[in-house]
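Thanks for coming. I have one structure to go through today, so let me put it on the screen.

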Amino acid sequence: MAMAMRPPALVDDAMREVFTRLPADDPRSLVRAAAVCRSWRGIFSDPGFARGYRAFHGAPPMLGFLHNAYRNGNRFVPTSTFRRRASQDRPDCQVLDSRHGLVLLYAPAYELPFDACDLVANKLWEIEAFPKCRGTMHWEDIYEGVLHCNATVLCARDRCDHLDCHGGGPFLVALVGSAEEGGIALATAYSSETSEWSRKISVRSPGLQIDDGGHTAVVGNKVYVPSYECDSVVEYDIAEQQLSVINVPESLDEAHLDLIGAEDGMLLFASVLKSRLYLWSMEAGPRGAAAWARRRVVELEPLLPPHALLDMSESDVWAVGFAEGVRVIFLRTPAGLYAVDLNSGRVNNVGKYSIEKVMPYTSFCTRAFRRVLASDEASRAVAGGGATV
């Protein structure tokens, strides 16, 4: 008696469950599986699969990070099987920020100096900068790495969960700068929906000077930008078009604090003291009031190699980046750049000591499935390792 064949729908449902559990930071394995046969390709091409895949994995994975190389533009360092396309290499551009699947680039020699780029979807949006940005940014010295402002790119979709908020969705670019003499902060924001910059607003605070090399943070529609020495943080409420200044304690546990991002709707600060990593959270309140709490203390001695902690009295180790959602913090040490996974405790050497600011790139690659799988030739190339995902 012949065995009954399982209905194709049941087989597809089972494979859908298997594919949903493939690692989100290994997009090449997903595309290779989709290239096996027409049935599997149909599963991956289904928008419903993409939504379920993102919901199952939660926060977008870290595909790599960007940093600026002196006089050589920006560099993308992969931490997954994703690779930036060669056409996206812009040696004449500096990377200013990376968030919500977008990268903000700046090339002062161009007529349209700002670009927002989606590395996964391979899309780029040029942004007009003049005249409202003049006075917020200092243009002449960009090649020397001197900026008088900090910049942030963020999703502008209403009530977005930021699992798949890019790929053509609305976005904002916020610029917060300080005047030459200090003591005043200026801000303006660009909307991709209107292709216009907002009116410039300002706030005064004695001695205030924006830290152009520091990390920014985003909570809702509010952008937070540190000042030099991180003794204060400027809050830019884009929706209300308001600026305010929040004072930061000079030290907590005798350690200097650096803003590195946001977590659970609160600002996250880090410091390293005597081979320990301290993480602090701050929740901003009305009129600049802030509530502080120590989130965690991480012993670095068992994690980093001995030569990375040779002389902690000289403050040779500090946090230079944080991947929100996946909770990976980047530490610059005399032995190189290390990525510390705060969830698992895994540590990887990912770069050289000279990297001073890390901008992680997090995104799901599900939006690229239909584009990559649109042709049999592209699918065969990916399956054989010859295509960039």
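How far apart do the end C-alpha atoms of residues 17–47 lie, and how much of that span is helix and how much strand? Before the answer, note that this is a predicted model. The end C-alpha atoms of that span are 15 Å apart. Helix makes up 68% of residues 17–47, and strand 0%. An unreviewed UniProt entry annotates these residues, 17–47, as "domain: F-box".

Helix H3, residues 38–45, is the next item. Its buried residues are Arg41, Ile43 and Phe44. Looking down the axis of H3, those buried residues fall within an arc of 155°, so they line one face of the helix.

Now the whole protein. The chain contains six helices and 24 strands. Of its 389 residues, 51% count as buried. Take the contacts between residues at least 6 apart in sequence: 51% of them join residues at least 24 apart.

Two serines serve as local examples. The first I will show is serine 232, in strand S14, which covers residues 232–237. Is serine 232 buried or exposed? Its relative accessibility is 6%, and buried means under 20%, so serine 232 counts as buried. What does serine 232 touch, leaving aside its neighbours within four places in sequence? The contacts are Leu208, Val225, Pro226, Ser227, Val245, Ile246, Asn247 and Val248.

The other example, serine 275, is in a loop, between strand S17 (266–273) and strand S18 (276–284). Serine 275 has 11% relative accessibility, so this loop residue counts as buried by that cut-off of 20%. Valine 317 is 42 residues away from serine 275 along the chain, yet their C-alpha atoms are separated by 8.4 Å.

Last, a pocket. The second largest pocket has a volume of about 740 Å³. Which residues are closest to its centre? Of the 35 that line this pocket, they are Arg99, His100, Ala262, Glu324 and Gly325. Several strands give two or more residues to the lining: S3 (94–99), S12 (217–219), S16 (258–263), S20 (318–323) and S24 (359–362). Sorted by class, the lining of the second largest pocket has 14 nonpolar, 13 polar and eight charged residues.

That is everything I have on this one.

Definitions and conventions:
Residues numbered from 1 in each chain as written. Predicted model: local features only at pLDDT ≥ 70, side-chain atom pairs only at ≥ 80, totals over all residues. Heavy atoms only, no water. Helix = DSSP H or I, 4+ residues; strand = E, 2+ residues; numbered from the N terminus. Buried < 20%, exposed > 50% of the residue type's maximum accessible area, 1.4 Å probe, protein only. Contact = heavy atoms within 4.5 Å. Arc of directions from axis to C-beta. UniProt positions renumbered as here; feature names shortened; annotations may be inferred. 1 Å grid on protein atoms, 1.4 Å probe; cavity = no way out; pocket = protein on both sides within 12 Å on 5 of 7 lines; lining within 4 Å. Points joined across faces, edges and corners; volume = space filled by probe spheres on them. Nonpolar A, V, L, I, M, F, W, Y, C, P; charged D, E, K, R; others polar.
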